[in-house]
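Thanks for passing this one along. Here are my notes, to be read with the structure open beside you.

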Amino acid sequence: MATETPPPSKTQAQLPSTEEFVAVQESAEFGELRRAHRGFAFPLTVAFIAWYLLYVLLSNYAGEFMGTKLFGNINVAFALGIAQFGTTFLIAWWYSRHAAAKLDPKADAIKSRMEGGA
């Protein structure tokens, strides 16, 4: 099985000290990474929870609407339920693209600096 990670070296890498971790945590670069993550993840999480709760509330209080047939045996409730799955996959794909483009380069830069590469 091929992996992207090199085999462990014979020499132990020196771990950063607590002070170095705190310094990185307080750095502007790390703050920018956190803002980039939170600016994407938090609003999307709130929107998805609101969408999910709308589905639940409609299921509980708008039974006639949810039972409306769209075509064949497919009704509004089924269509919205399937849309929940679609939304979940869409959000995962979108986050993956966001992380690869915006978060991973910043995190890799911080990681390489912490490991002594920069």
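The points below go from the whole chain to one helix and then to one residue.

1. Please keep in mind that this is a predicted model. The chain holds 4 helices and 2 strands, and read from the N terminus its elements follow the order α-α-α-β-β-α.

2. On burial, 17% of the chain's 118 residues count as buried. The exposed surface comes to about 9400 Å², with 65% of that supplied by carbon and sulfur atoms.

3. Contacts also reach along the sequence: taking those between residues at least 6 apart, 62% join residues at least 24 apart.

4. Helix 2 is a good place to look next. It covers residues 28-61, and at 1.5 Å a residue its 34 residues should span 50 Å; the C-alpha atoms at its ends lie 48 Å apart, so the two values agree. You will also find a kink of about 25° in helix 2, with Arg38 at its centre.

5. Which residues of helix 2 are buried? They are Gly31, Leu33, Ala36, Phe40, Ala41 and Leu44. Helix 4, residues 76-114, is included in what covers the buried residues of helix 2.

6. Finally, have a look at Gln84, which sits in helix 4. Is Gln84 buried or exposed? Its relative accessible area is 9%, and since buried means under 20%, Gln84 counts as buried. Leaving aside residues up to four places away in sequence, Gln84 touches Phe48, Trp51, Tyr52 and Tyr55.

Methods: Residues numbered from 1 in each chain as written. Predicted model: local features only at pLDDT ≥ 70, side-chain atom pairs only at ≥ 80, totals over all residues. Heavy atoms only, no water. Expected span 1.5 Å × (residues − 1). Bend = angle between axes of the 7 residues up to and from the residue. Buried < 20%, exposed > 50% of the residue type's maximum accessible area, 1.4 Å probe, protein only. Contact = heavy atoms within 4.5 Å. Areas by Shrake-Rupley, 256 points an atom, 1.4 Å probe, with all protein chains shown as cover.
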